[in-house]
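Please look over the chain below before reading on. The paragraphs that follow move from single backbone positions to the chain as a whole.

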Amino acid sequence: YMLVGDVGASCTEACANSGLTCSYESLAAGAPYGLGTLVTETVEELGGTCKRFKGNKNAPFFPVIDSRNFCFGKSTARTNYKCNAVSTRTQFPSRRICSCFSGSSLAP
């Protein structure tokens with residue numbers, strides 16, 4: 001399951017708020033949906049809008065959508081999937097785009 005968390009929330013919190021679980025494996029399984037311009041499609045499917053795609057980034061809290069509705073994907077070269085990471089972007093607070101598992105399910 002893909003979802004957009006609240007500002008300042010980790011994927012652990014965002015998934016738990018929906019009765020789901022975040023893990024390294026769930027974030028890795030959902031990674032393709034947060035890469036490149038696919039992040040824009042993912043956000044739209046979740047009911048949001050990306051005004052602009054701003055590129056892929058390396059920090060463990062990407063992909064995100066910020067307060068301007070600019071979307072940032074996760075770099076394909078990174079495998080630093082961290083459920084507990086929180087966006088440190090302060091000028092434009094951001095919400096993480098998370099991939100969660102349902103219970104013991106192994107499919108996002």
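In which loop is Asn-69 found? In this predicted model, Asn-69 sits in the loop between β3 and β4, the latter spanning residues 70-74. The backbone at Asn-69 takes a positive phi of about 70 degrees, although the residue is not a glycine. Most residues other than glycine have a negative phi, and most peptide bonds are trans. With a relative accessible area of 27%, Asn-69 is partly exposed, because this value falls between the limits of 20% for buried and 50% for exposed.

A further backbone feature is the peptide bond that joins Phe-62 and Pro-63, which is cis, with omega about 10 degrees. Pro-63 belongs to the loop between β2, residues 52-57, and β3, residues 64-66.

To place these loops in the overall order of the chain, it helps to follow the elements from the N terminus, where they run β-α-α-α-β-β-β-β. The secondary structure thus comes to 3 helices and 5 strands.

The loop between β4 and β5, with β5 covering residues 94-99, holds Thr-88, and Ser-87 and Asn-84 are found in that loop as well. Is Thr-88 buried or exposed? Thr-88 has a relative accessible area of 60% and is therefore exposed, whereas Ser-87, at 15% relative accessibility, counts as buried. Asn-84 is exposed, with a relative accessible area of 59%.

These loop residues can also be related to parts of the chain that are distant in sequence. Thr-88 and Phe-61 are 27 residues apart in sequence, and their C-alpha atoms lie 8.2 Å apart in space. Ser-87, leaving aside its neighbours within four places in sequence, is in contact with Phe-61 and Ser-94, and its C-alpha atom is separated by 11 Å from that of Gly-5, which is 82 residues away along the chain. Asn-84, with residues up to four places away in sequence again not counted, touches Ser-10 and Thr-12; between the C-alpha atoms of Asn-84 and Ala-16, 68 residues apart along the chain, the separation is 12 Å.

From the loops the path leads to the interior. The largest nonpolar core has 12 residues, among them Leu-3, Leu-20, Leu-27, Tyr-81 and several cysteines, including Cys-11, Cys-15, Cys-98 and Cys-100. Helix α1, residues 11-17, supplies the largest share of this core, namely 3 residues. Which residues does Cys-15 touch, not counting those up to four places away in sequence? The residues that Cys-15 touches are Leu-3, Leu-20, Thr-21, Cys-22, Cys-98, Ser-99 and Cys-100.

Finally, the chain may be considered as a whole. Its radius of gyration is 12 Å, which agrees with the value near 13 Å that a compact globule of 108 residues would have, and the C-alpha atoms fill a box of roughly 35 × 25 × 25 Å, taken along the principal axes. Among contacts between residues at least 6 apart in sequence, 58% join residues at least 24 apart. Buried residues make up 43% of the 108 residues, while the chain exposes about 5600 Å², of which carbon and sulfur atoms supply 50%. As for charge, there are 11 positive and 7 negative side chains, and the centres of the two sets lie 11 Å apart.

How values were computed. Residues are numbered from 1 along each chain as its sequence is written. This is a predicted model: local features need pLDDT of at least 70, side-chain atom pairs count only at pLDDT 80 or more; totals for chains, interfaces and linings use all residues. Side-chain values use heavy atoms; hydrogens and water are left out. A nonpolar core is a set of buried Ala, Val, Leu, Ile, Met, Phe, Trp, Tyr and Cys residues joined through side-chain atoms within 4.5 Å. Buried means under 20% relative accessible area, exposed over 50%, partly exposed in between (1.4 Å probe, protein chains only). Helices (H or I, at least four residues) and strands (E, at least two) are DSSP runs, numbered from the N terminus. Contact means heavy atoms within 4.5 Å. The radius of gyration is taken over C-alpha atoms; the globule rule is 2.2 Å times the number of residues to the power 0.38. Accessible areas come from the Shrake-Rupley method with a 1.4 Å probe; for residues, only the protein chains shown count as cover. Lys and Arg count as positive and Asp and Glu as negative; His and the chain ends are not counted. The place of a charge is taken as NZ of Lys, CZ of Arg, CG of Asp or CD of Glu.
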